[in-house]
Amino acid sequence: MAIRSILHYPDKRLREKAQPIDVVTPEIVALIEDMKETMYAAPGVGLAAPQIGVALRLFVIDTAGDDEPSELCVFINPEIVARDGEVLWNEGCLSFPGVHEEIDRAERVTVRALDERGRAFELEADGLLAVAIQHENDHLDGVLMVDRMSVLKRRLALRKLQKKQAESANA
Ligand code: NI
């Protein structure tokens with residue numbers, strides 16, 4: 001297992017449309033292990049493969065709090081088949097360090113995907129898990145949180161990001 005480096009906006013690889021995974025090979029299983037480790041080390045609630053420069057339709061999510069047992073979910077070739085309700089959620093993204101902004105999302109989603117053993121499952125989610133699924137699923141299509149902000153909010157968010165990047169460059 002290894003911690004991979006996370007791409008930050010405006011890296012062009014974050015804009016690629018990711019490709020489906022045909023078979024869950026040992027290489028894919030190893031990739032999933034790296035993604036879990038990278039997400040927990042960050043730490044983050046979710047991580048999509050394109051964020052580590054791998055253009056495959058795969059993401060991992062764990063919505064458990066610090067003192068709670070792991071609730072890790074692996075989504076391979078996910079498809080959101082139903083969306084219901086509306087919610088405004090304060091989101092962050094490991095590719096936008098220092099940026100937190102309210103984004104419009106569906107309140108509940110139904111998602112179909114394969115798990116890390118290649119078995120199909122369907123999951124109905126609400127709350128943080130529903131938001132995380134929508135956020136990570138966007139990454140697979142090269143869609144980023146700034147794309148879902150108003151022009152004004154996007155400008156402020158990108159200014160915060162630049163400030164954070166300048167700080168870490170000087171650190
Ligand atoms: Ni993200």
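Start at Leu 161. Buried or exposed? Leu 161 is buried, with a relative accessible area of 2%. The cut-off behind that word is under 20% relative accessible area. Keep in mind that this is a predicted model. Widen the selection to residues 151-170 and you have helix H3, where Leu 161 lies. Now add Asn 137 and draw a C-alpha to C-alpha distance. Leu 161 and Asn 137 are 24 residues apart in sequence and 22 Å apart in space.

**The nickel ion**

Select the nickel ion next. Which protein atoms are its donors? They are Cys 93 (SG), His 135 (NE2) and His 139 (NE2). These donors lie 2.1 to 2.2 Å from the ion. Along the sequence, their spacing reads C-x41-H-x3-H. Trace the chain from Cys 93 to His 139, and you link distant parts of it, 46 residues apart. Cys 93 sits in the loop between S4 and strand S5 (101-105), while His 139 belongs to helix H2. Turn on a surface and look for these two: Cys 93 is buried, and His 139 is buried too.

**The largest pocket**

Show pockets and pick the largest. It holds about 610 Å³ of space. Its lining counts 34 residues. To centre the view, select Pro 43, Gly 44, Val 45, Gly 46 and Leu 94, the lining residues that lie nearest the centre of the pocket.

Which elements supply at least two residues of the lining? Colour helix H1 (26-41), strand S4 (87-91) and helix H2 (127-140); each of them does. H2 gives the most, with 6 residues. Then colour the lining by class: 17 residues are nonpolar, 12 polar and 5 charged.

**Gln 51**

Go to the loop between strand S1 (46-48) and strand S2 (58-61), and select Gln 51 there. Its relative accessible area is 1%, so Gln 51 counts as buried. What does its side chain touch? Display Ser 95: a polar contact of 3.0 Å joins the side chains of Gln 51 and Ser 95.

**Strands S3, S6 and S7**

Switch to cartoon view. Select strand S3 (residues 73-84) and strand S6 (residues 108-114). The two pair in the antiparallel sense over 6 bridges. For a landmark, find Ile 76, which stands opposite Leu 114 in S6.

Add strand S7 (residues 120-126). S6 and S7 run antiparallel, joined by 7 bridges. Here Ala 113 has Phe 121 in S7 as its bridge partner. Follow the hairpin of S6 and S7 through the 5 residues between the strands, and stop at Gly 118. Gly 118 takes a positive phi near 85°.

Go back to S3 and select Val 81, which lies in that strand. How accessible is Val 81? At 34% relative accessibility, Val 81 is partly exposed. Add Glu 124, which is 43 residues from Val 81 along the chain. The C-alpha atoms of Val 81 and Glu 124 are separated by 9.9 Å.

**Strands S4 and S5**

Finish with S4 and S5. They pair in the antiparallel sense over 5 bridges. Val 87 stands opposite Arg 105 in S5. Now show the side chains of S5 and compare its two faces. Glu 101, Ile 103 and Arg 105 form the covered face. Glu 102 and Asp 104 make up the uncovered one.

Methods. Residues are numbered from 1 along each chain as its sequence is written. This is a predicted model: local features need pLDDT of at least 70, side-chain atom pairs count only at pLDDT 80 or more; totals for chains, interfaces and linings use all residues. Side-chain values use heavy atoms; hydrogens and water are left out. On a 1 Å grid over the protein atoms alone, a cavity is a set of points where a 1.4 Å probe fits but cannot get out, and a pocket is an open set with protein on both sides within 12 Å along at least five of seven lines; lining residues have an atom within 4 Å of a point. Grid points are joined across faces, edges and corners, and a volume is the space filled by probe spheres set on the points. Helices (H or I, at least four residues) and strands (E, at least two) are DSSP runs, numbered from the N terminus. Ala, Val, Leu, Ile, Met, Phe, Trp, Tyr, Cys and Pro count as nonpolar, Asp, Glu, Lys and Arg as charged, and the others, Gly among them, as polar. Donors are N, O and S atoms within 2.8 Å of the metal (3.2 Å for Na, K and Ca); water is not among the atoms, so sites may look incomplete. Buried means under 20% relative accessible area, exposed over 50%, partly exposed in between (1.4 Å probe, protein chains only). Two strands pair if DSSP finds at least two bridges between them. A polar contact is a pair of N or O atoms within 3.5 Å; within protein, one must be able to donate a hydrogen and the other to accept it, and residues adjacent in sequence count only if both atoms are side-chain atoms.
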